[in-house]
Amino acid sequence: MTRFLRTGLVSLTVLTSACALAGAADKLSVADPYVRLNPPGTRVTAAYMVLKNAGDKDIKVTKAANPTSKLTELHNHFNEGGVMKMRQVPAIEVKAKGETALQPSGLHVMMIDLKEALKEGQIVPITLTLDDGSEKKVDAVVKNPTAAAPAKNEHAGHDMHKH
Amino acid sequence: MLSPSRRLLLDAVLILSLILIVVAGYRYANSQRTEAGDTLIPEANCNLHHSACAAVLPDGRRLTFNITPHPIPVVQPMQLEVRLDGKAGAPLGKVEVDFAGKSMNMGFNRVTLTPVDGNHAKGEGNLPVCVTGRMDWIATVLLELDGKRINVPFPFSSDPEAPVPEAATADDKVAAARPPTLPGGDFTLLSAAGPVSLQDYRGRVVWLIFGYTYCPDICPTSLAAAGQMLASLSPAERKNVQVIFVSVDPERDTPARLKEYTRFFHPAIIGVTGGAEQIAAVAKHYGVIHTRQPADTHGNYAVDHTASSFLIGADGLLADKVGHPPIPAEVAAKIRALPLPSSPERKAP
C-alpha cells in the first residue's frame, strides 16, 4: 500500500515537472497514435494520430523524431488533378481549440529508412517538437493495415495466370 | 394550457412540416438517382472557335455553351460557360465539361463548373497541347437536370479555320454513356507467376490499381482497402473478382518484389510490371499520370501518380472509376452492381 502510494507520488512529481517544462505541449493532446506496419521489403512507413489543441493559441508541430527510422519528416499530400503528390511540409498546425488529423492520404509523420522491420503491436516512441520548443512524447502502436482481412487465405489467383 | 384553437394550429403546422419533409426527401432521393445519361446532338454548323453553340434540351429549353476567348486557346486558360434560356424549368444541377480527343486519348480533362444561378454555370479550364498538329476534340457538357444526366458532345477542331468535325456519331453516344476519355483496354504484363493479361479475366470484375512498392502512403492505403474489400466478399463472390496492382516504377519493382508486397495486403492480389514503355502505354490508356520525382541523397525517389483506380467489367470494358482513398464497402457495392455473365441483369428481359 505504502509502496503503491510512493510510486504514485513519484510519478506525480515526475509528471508535474514534465508539465512545467512542457509549454504548448501541455495544451496538446494526442488521440489514436499508430504506425502503419510496413509491407515486407519496404523501409518506409508513416505514423498517424489526431492532435487536439485545448489552448487559446495555435500550435505548430515543427519536427518529429523516432528511434526506428533514420529520418523522420512531416509530410502532406496534395491532390493535383487526381495525382496525389506527397511533399514535406515545414510544420503541421493545430488551431486554438481545434484539432488536426494525421491520416492516410493526408498529413502524416513519415518514417524513412527504417533500421529494421517493424512488428505488429510494437510501440514506437515519437517525439513531436512544437514551435515554442516544447516537446510532446507519443507512444504509437504498430498496426497492420490489413487487420480487417483474414490472416490466412487459400491460394486464390493461382488459376488465373497464363502459363 | 393551450387553447383548443391554438392546439389545432400547432397540429396543422406539425402535419404540414411532416408532409414537407416527405416531399423533400422524395425529391432528394430522386435527385440522387443517377441514370445512364441521354446524349443530345447539338445544333449543326456551329464552330466553338467563333461563337457559342447550342442544343435543345428534352424539356424544350435551349442550352448554350461558350468557350472564350475566341478562338479557343491551347494551354492558356479558357473560360467555360453553360447557360439555359430563361424559360421556366428545373435548375441546373452539377455541370461538368469533359474534353476528349476524338481519336486520341488525351487523358482525363474534366472541369466542374461553378453555378452562378439556376440557369448559368461557369468555370475555367485549359486544353493540353497536342504535338501531332491538328486534331479533333469533343467538349462534352455533362449536366444534371431534374435528377437526370444529360450529355451534350460539342465537336471542334484544334484549328479554328478547319471545318467543324462531324457531330457525335452513334458510336460517340455509346462512348458518352461510359465515362468519356478513359477507354481503358487490354494489356499483358508480368507477374511473379508469369504473364498476366487483362483479357484472361473476361467474365470477372477486375479492380485495377496503379502504384509502386516504394510508395510510402497512397499505395498501402489503396491496397489495404483492396485487401479488406476482398476479405469482405463471400468465397463465391471472390471467384468473380481480381485485384491487379500495376507498377508505375518498373525500374525498381520486380515481379518477385511485387508479389511479396501485394500478398502482405491480400494473397489474391496480383502485382504486375513490365518495360518502361509497356507501363507507360497501359497508364496512358487508363489516363494515369506517373512522374518520377528527383532522388534524395540516399537515392530514394517517389513516383507521383494518379491515385484513382479502375473497375473493369466482365466484358473487359472500363466500368467505373474509384476515387482515393477507396472505401472497401463502397467498392464491394460497386462490384456487386456490375453485371456478370451468369447474373440475371444480363439475361434478355
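What follows is a short chat about how chains A and B of this predicted model are built and how they meet.

Trainee: Before we start, what should I keep in mind about this model and its labels?
Mentor: It's predicted, so local features need pLDDT of at least 70, side-chain atom pairs count only at pLDDT 80 or more, and totals for chains, interfaces and linings use all residues. Residues are numbered from 1 along each chain as its sequence is written, while chains are lettered from A and ligands numbered from 1 in the order in which they are written.

Trainee: OK, chain B first. How many helices and strands are there in chain B?
Mentor: Chain B has 7 helices and 19 strands. Those are DSSP runs numbered from the N terminus: H or I over at least four residues for helices, E over at least two for strands.

Trainee: And how much of chain B counts as buried?
Mentor: 38% of its 349 residues. Buried is 20 or more other C-beta atoms within 10 Å of the residue's own, exposed is 12 or fewer, and partly exposed is in between, with C-beta atoms placed from the backbone.

Trainee: What about contacts in chain B between residues 24 or more positions apart?
Mentor: They account for 63% of the contacts in chain B with a separation of 6 or more. A contact here is two C-beta atoms, placed from the backbone, within 7 Å.

Trainee: Let's do sheets. What's the strand order in the mixed one in chain B?
Mentor: β1-β10-β9-β5-β6, an open sheet of 5 strands. Two strands pair if DSSP finds at least two bridges between them. β1 (38-39) and β6 (109-112) of chain B sit at the edges with a single partner strand each, so one side of each has no neighbour in the sheet.

Trainee: How do β9 and β10 of chain B pair?
Mentor: Antiparallel, over 10 bridges, with β9 at residues 136-145 and β10 at 148-157. B:W137 stands opposite B:F156 in β10(B). B:W137 also turns up in a second, separate core of 30 residues, which includes B:F65, B:V141 and B:L143 as well. A nonpolar core is a set of buried Ala, Val, Leu, Ile, Met, Phe, Trp, Tyr and Cys residues joined through C-beta atoms within 7 Å.

Trainee: And the antiparallel open sheet in chain B, what order does that have?
Mentor: β2-β3-β4-β8-β7, again 5 strands. Its edge strands are β2 (53-56) and β7 (114-117) of chain B, each pairing on one side only. Inside that sheet, β3 (62-68) and β4 (78-84) of chain B run antiparallel, joined by 6 bridges, and B:T64 has B:R83 as its bridge partner.

Trainee: Switching to the largest nonpolar core. Which residues have the most contacts inside it?
Mentor: A:A47 and B:A226, in a core of 82 residues. The largest share of this core, 8 residues, comes from α3(B).

Trainee: What does A:A47 touch?
Mentor: Leaving out residues up to four places away in sequence, its contacts include A:P33, A:Y34, A:V109 and A:I126. A:V109 is also the residue opposite A:A47 in β8(A).

Trainee: Which strands pair with β2 of chain A?
Mentor: β1(A) pairs with β2(A) in the antiparallel sense over 6 bridges, with A:Y34 facing A:Y48 as bridge partners. β8(A) is antiparallel to β2(A) over 4 bridges. β7(A) is antiparallel to β2(A) too, joined by 4 bridges, one pair being A:K52 and A:E99.

Trainee: Is β2(A) covered or open?
Mentor: Mostly covered: 8 of its 10 residues are buried.

Trainee: Now the interface. How many residues does each chain bring?
Mentor: 40 residues from chain B and 30 from chain A. On the chain B side, β12 (194-197), α3 (218-232), α5 (255-265) and β17 (303-306) each supply at least two residues, and α3(B) gives the largest share with 7.

Trainee: How do the residues on that side divide?
Mentor: Into 20 nonpolar, 14 polar and 6 charged. Ala, Val, Leu, Ile, Met, Phe, Trp, Tyr, Cys and Pro count as nonpolar, Asp, Glu, Lys and Arg as charged, and the others, Gly among them, as polar.

Trainee: Which strands pair across the chains?
Mentor: β5(A), residues 83-88, pairs with β17(B) in the antiparallel sense over 2 bridges, and A:M84 stands opposite B:H305.

Trainee: Last one: why is α5(B) largely enclosed?
Mentor: Because 8 of its 11 residues are buried, among them B:L258, B:Y261 and B:F265. What covers them includes β11 (188-191), α3, β14 (241-247) and β15 (270-272) of chain B.
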